[in-house]
Amino acid sequence: MHWAALDGLRGAAVLTVVCYHVGLTPIGSGGWLGVDVFFVVSGFVITTTWARRHAAGASPAEFLARRAARLLPALIVYLAVAVLVLLSSGTPVERRAFLAGLLQVANVEMILRGPATSPTQHLWSLSLEWQFYLVVPTLLLVVRSHSQRIAIALLVVCALLSAATRVVLLGLVDPTGWTAYLATPGRLDGLLLGVALGMTVPGRRLAVPTPLVTGAAIVLGTALAATPRWYEVPQVALVLAVPAVSICTAVVVGAAADHRLPRPIDAVLSSHPLGWLGERSYSIYLWHVLIAVVLIGEGEQWQGVWVFCLQVAASIAVGAAAYALVEQPTRRALNAAIDRAWPAAAAVRAG
């Protein structure tokens with residue numbers, strides 16, 4: 001299934017992330033929360049997709065193969081180009097950071113390395129999502145063996161435990177918040193909320209009250225635009241802002257999936273520009289740090305309106321080119337090979 005408003009939500013999220021990394025303030029200072037929007041949307045979409053394919057006989061191996069076809073070729077090309085750019089400019093290549101990005105453990109490597117401006121600095125969220133993909137088919141099989149209500153309750157409890165883990169890491173392990181911000185156990189709450197939401201949607205109307213959806217959308221937009229950078233007050237950012245954004249995103253996603261978004265919100269999220277950005281959000285996210293922060297900018301700092309416009313425009317242009325020339329062609333070719341390997345999966349995809 002496809003929901004146009006979710007593409008728009010992705011588009012808005014990736015735009016705020018780009019603005020955050022180029023130092024736009026005070027509007028745009030909350031762009032770091034865009035990854036939490038992605039987590040909720042990803043958990044929801046993956047769950048609904050997996051449920052449909054599994055019901056028709058698709059396997060966990062097929063699920064992971066399609067995830068790899070979707071994500072890895074574009075990542076490999078990005079890492080290769082980033083290495084060439086650094087080598088050509090005489091900048092040392094942090095081999096461990098690039099290897100960690102390739103092996104999907106960038107968040108772990110960053111916890112050990114500490115903060116640094118690098119073409120790999122944003123890959124932590126992609127690594128975290130991939131780590132989740134490795135367990136999500138088994139997780140869904142386990143929770144689906146119980147009644148739907150019990151399964152959803154278990155997922156929500158796990159999300160609460162993840163949020164509590166973030167509090168513990170912040171209070172007892174690293175008061176700067178760096179570990180809590182990056183560690184996988186403390187960042188699963190958004191993904192788990194998306195999974196729980198994905199389990200409620202098929203065959204059921206959620207009937208989310210319109211005032212609740214409107215309020216959630218306002219809070220979400222305000223948070224993405226104006227929340228202080230997370231490291232300024234990590235106790236507030238990681239304990240309050242992250243769960244608030246995840247919950248508000250879940251409300252908006254649930255209303256979008258139920259086709260009950262208030263008309264003005266639906267018009268914005270379903271608009272062509274945001275939808276276009278959303279479809280290309282993965283490639284834009286991949287390339288924006290190298291283009292905007294490393295090549296054009298001088299780190300994550302504001303350098304004036306014209307430089308800002310160039311950073312955003314170049315990030316979107318390169319991301320769109322990578323989407324057309326790398327992401328889509330490789331995905332089609334690899335999915336065709338997967339279809340041949342799993343004929344049942346091909347039938348599900350065709351349906």
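**Exercise 1. Asp189 and its partner**

Decide whether Asp189 is buried or exposed in this predicted model, and find which side chain meets Asp189 in a salt bridge.

*Solution.*
Step 1. Asp189 has a relative accessible area of 4%. The cut-off for buried is under 20%, so Asp189 is buried.
Step 2. The partner is Arg166, with N to O at 3.0 Å. A salt bridge calls for a side-chain nitrogen of Lys or Arg within 4 Å of a carboxyl oxygen of Asp or Glu, so the pair Arg166 and Asp189 qualifies.
Step 3. Place the two residues. Arg166 sits in helix α7 (residues 148-173) and Asp189 in helix α9 (residues 189-200). They are 23 residues apart, and the pair links distant parts of the chain.
Step 4. Check Arg166. Its relative accessibility is 1%, so Arg166 counts as buried.

**Exercise 2. Links between α3 and α15**

Which salt bridges tie residues of helix α3 to residues of helix α15? Describe two.

*Solution.*
Step 1. Take Arg66 and Asp339. Their closest N and O atoms are 2.6 Å apart. Arg66 is in helix α3 and Asp339 in helix α15, with their positions 273 residues apart in the numbering.
Step 2. Classify both. Arg66 is buried, and Asp339 is buried too.
Step 3. Take Glu327 and Arg70. Their side chains meet in a salt bridge at 2.7 Å, N to O. Glu327 belongs to helix α15 and Arg70 to helix α3, and they are 257 residues apart.
Step 4. Apply the cut-off again. Glu327 has 2% relative accessibility, so it is buried. Arg70 has 16%, which is under 20%, so Arg70 is buried as well.
Step 5. Put these pairs in context. The count comes to 10 salt bridges. Elsewhere, Glu94, Arg96, Glu109 and Arg113 are joined in a salt-bridge network.

**Exercise 3. The largest pocket**

Work out what lines the largest pocket, and which residues are closest to its centre.

*Solution.*
Step 1. Start with volume: about 1300 Å³.
Step 2. Go to the centre. Of 42 lining residues, the closest to it are Arg10, Val45, Arg67, Arg70 and Arg331. Arg70 is also the salt-bridge partner of Glu327.
Step 3. Sort by class. The lining has 20 nonpolar, nine polar and 13 charged residues.
Step 4. Assign the helices. Those that supply at least two residues each include α1 (4-21), α3, α6 (123-144) and α15 (305-341). The largest share, 12 residues, comes from α2.

**Exercise 4. The second largest pocket**

How many residues line the second largest pocket, and of which classes?

*Solution.*
Step 1. The volume is about 420 Å³.
Step 2. The lining has 23 residues. Tyr20, Gln121, Trp178, Trp230 and Glu300 lie nearest the centre.
Step 3. By class, 14 are nonpolar, seven polar and two charged.
Step 4. Helices α1 and α8 (178-182) each give at least two residues to this lining.

**Exercise 5. A nonpolar surface patch**

Which residues form the nonpolar patch on the surface, and which elements give two or more of them?

*Solution.*
Step 1. List the members: Ile76, Leu99, Leu102, Leu103, Val105, Val108 and Leu112. Together they have about 640 Å² of accessible area.
Step 2. Map them. The elements with two or more patch residues are α4 (95-102) and α5 (106-113).
Step 3. Look at Ile76. This residue lies in helix α3 (residues 60-89).
Step 4. Test it against the rule. Patch residues need over 30% relative accessible area. Ile76 has 45%, so it is partly exposed.

Terms used: Residues numbered from 1 in each chain as written. Predicted model: local features only at pLDDT ≥ 70, side-chain atom pairs only at ≥ 80, totals over all residues. Heavy atoms only, no water. Patch = residues over 30% accessible without salt bridge, like charges linked within 9 Å, V, L, I, M, F, W, Y side chains within 5 Å. Areas by Shrake-Rupley, 256 points an atom, 1.4 Å probe, with all protein chains shown as cover. Helix = DSSP H or I, 4+ residues; strand = E, 2+ residues; numbered from the N terminus. Buried < 20%, exposed > 50% of the residue type's maximum accessible area, 1.4 Å probe, protein only. 1 Å grid on protein atoms, 1.4 Å probe; cavity = no way out; pocket = protein on both sides within 12 Å on 5 of 7 lines; lining within 4 Å. Points joined across faces, edges and corners; volume = space filled by probe spheres on them. Nonpolar A, V, L, I, M, F, W, Y, C, P; charged D, E, K, R; others polar.
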